[in-house]
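Trainee: I'm new to this one and would like a close look at a single part of it, the inside. Could you walk me through it once the picture is up?

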Amino acid sequence: VMNSIKNVLILGSGTMGLQIGLQCAAYDMNVIIFDVKQKAVETGLLRLRKLADAMVRHQRVTGGRIEQTLGRIQFSMDPQTAGKNADLISESIPEDPDLKSNVFSQFNAICPAHTIFTTNSSTLVPSMIADGSGRPDRFAALHFHSILVTNIVDVMPHPGTSGQTIEKLLKFCKAIDQY
């Protein structure tokens, strides 16, 4: 069955957000990296290029495909534009459950009903944020490790995550060579 996720919204332009965005773009996903701070976006753009070069060196992407990969990534500071077409959100913002819930709540009002919300958190259990997301049935932790080192991702649902959401996440992970 086809992967139904094509448009990925990354919340946070730090190390993991950039890595996840680049990995998605390398596998033909359209990526928007959202951040609230102009400085973070500017730094993210510079760091993305370095990370792209590292991906080529580590043979995670061929040199010939890296420009196309980078061409599929946009940065945004506008939540409406960033969220309106998202099929999946991957959140990598500071490890504060209230902050995460507030940000998910904001995007819950913007994103289409089908959008799956995921957190890259490795320290918070998904049930701490699920209700705050506004769509607990379409919420799970999707924890990536360094994409330069491994292609393993942890899919961690909470008791309210729907089976359909888990299935879509597993297909998405395979589609971006992370499973």
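Which residues have the most contacts inside the largest nonpolar core?

Mentor: Good place to start. Keep in mind that this is a predicted model. The residues with the most contacts inside the largest nonpolar core are V8, L22, C24, V31, I73 and F172, and that core has 35 residues. Quite a few parts of the chain chip in: β1 (7-11), α1 (15-26), β2 (30-34), α2 (38-57), α3 (66-71), β3 (73-76), β6 (139-144) and α7 (163-175) each give two or more residues to this core.

Let's zoom in on L22. Setting aside residues up to four places away in sequence, L22 touches L48, L51, A52 and M55. The list for L22 goes on with T69, L70 and I73. Two of the names just mentioned, L22 and I73, are also on the list of residues with the most contacts inside the core. There is a second, separate core too, with 18 residues, and it includes L9, F107, I110 and L124.

Now stay with the inside and find I147. You'll see I147 in the loop between β6 and β7 (153-157). What is the relative accessibility of I147, and is I147 buried or exposed? The value is 0%, so I147 counts as buried. If you skip the residues up to four places away in sequence, I147 touches Q19, Q23, M55, R60 and Q178. M55 is worth a second glance here, since L22 touches M55 as well. You can also jump from I147 to L51: they are 96 residues apart in sequence, while their C-alpha atoms are 10.0 Å apart in space.

N120 is another one to click on. N120 lies in the loop between β5 (116-119) and α6 (127-130). Its relative accessible area is 9%, and the limit for buried is under 20%, so N120 is buried. Leaving out neighbours within four places in sequence, N120 is in contact with M16, I20, E91 and S92, and also with L142, H143 and F144.

To see what surrounds the inside, step back to the whole chain. There are 7 helices and 7 strands, and from the N terminus on they run β-α-β-α-α-β-α-β-α-β-α-β-β-α. The radius of gyration is 15 Å, close to the 16 Å that the globule rule gives for 179 residues, so the chain is as compact as a globular protein of that length. Along the principal axes, the C-alpha atoms fill a box of roughly 40 × 35 × 30 Å. Buried residues make up 48% of the 179 residues. Among contacts with a separation of 6 or more, 68% are between residues 24 or more positions apart.

Next, the outside, for contrast. The accessible surface of the chain comes to about 8,200 Å², and 55% of that belongs to carbon and sulfur atoms. G71 sits in helix α3, one of the elements that give two or more residues to the largest core, yet G71 itself counts as exposed at 61% relative accessibility. G71 and A26 are 45 residues apart in sequence, with 9.9 Å between their C-alpha atoms.

Two loop residues show an unusual backbone angle. Most residues other than glycine have a negative phi. D28, in the loop between α1 and β2, has a positive phi near 70°. D28 counts as exposed, with 51% relative accessibility. Q59 has a positive phi of about 60° and lies in the loop between α2 and α3. Q59 is exposed, with a relative accessible area of 72%.

Finish with two residues that are partly exposed. P136 is in the loop between α6 and β6, and at 26% relative accessibility P136 counts as partly exposed. Not counting neighbours within four places in sequence, P136 is in contact with A130, D131, H158, G160 and T161. P136 and P159 are 23 residues apart along the chain, and their C-alpha atoms are separated by 9.2 Å. N85, in the loop between α4 (79-83) and β4 (88-91), counts as partly exposed at 49% relative accessibility. From N85 to K100 it is 15 residues along the chain, and 20 Å separates their C-alpha atoms.

Technical notes. Residues numbered from 1 in each chain as written. Predicted model: local features only at pLDDT ≥ 70, side-chain atom pairs only at ≥ 80, totals over all residues. Heavy atoms only, no water. Core = buried A, V, L, I, M, F, W, Y, C linked by side-chain atoms within 4.5 Å. Buried < 20%, exposed > 50% of the residue type's maximum accessible area, 1.4 Å probe, protein only. Helix = DSSP H or I, 4+ residues; strand = E, 2+ residues; numbered from the N terminus. Contact = heavy atoms within 4.5 Å. Rg over C-alpha atoms; globule rule 2.2 N^0.38 Å. Areas by Shrake-Rupley, 256 points an atom, 1.4 Å probe, with all protein chains shown as cover.
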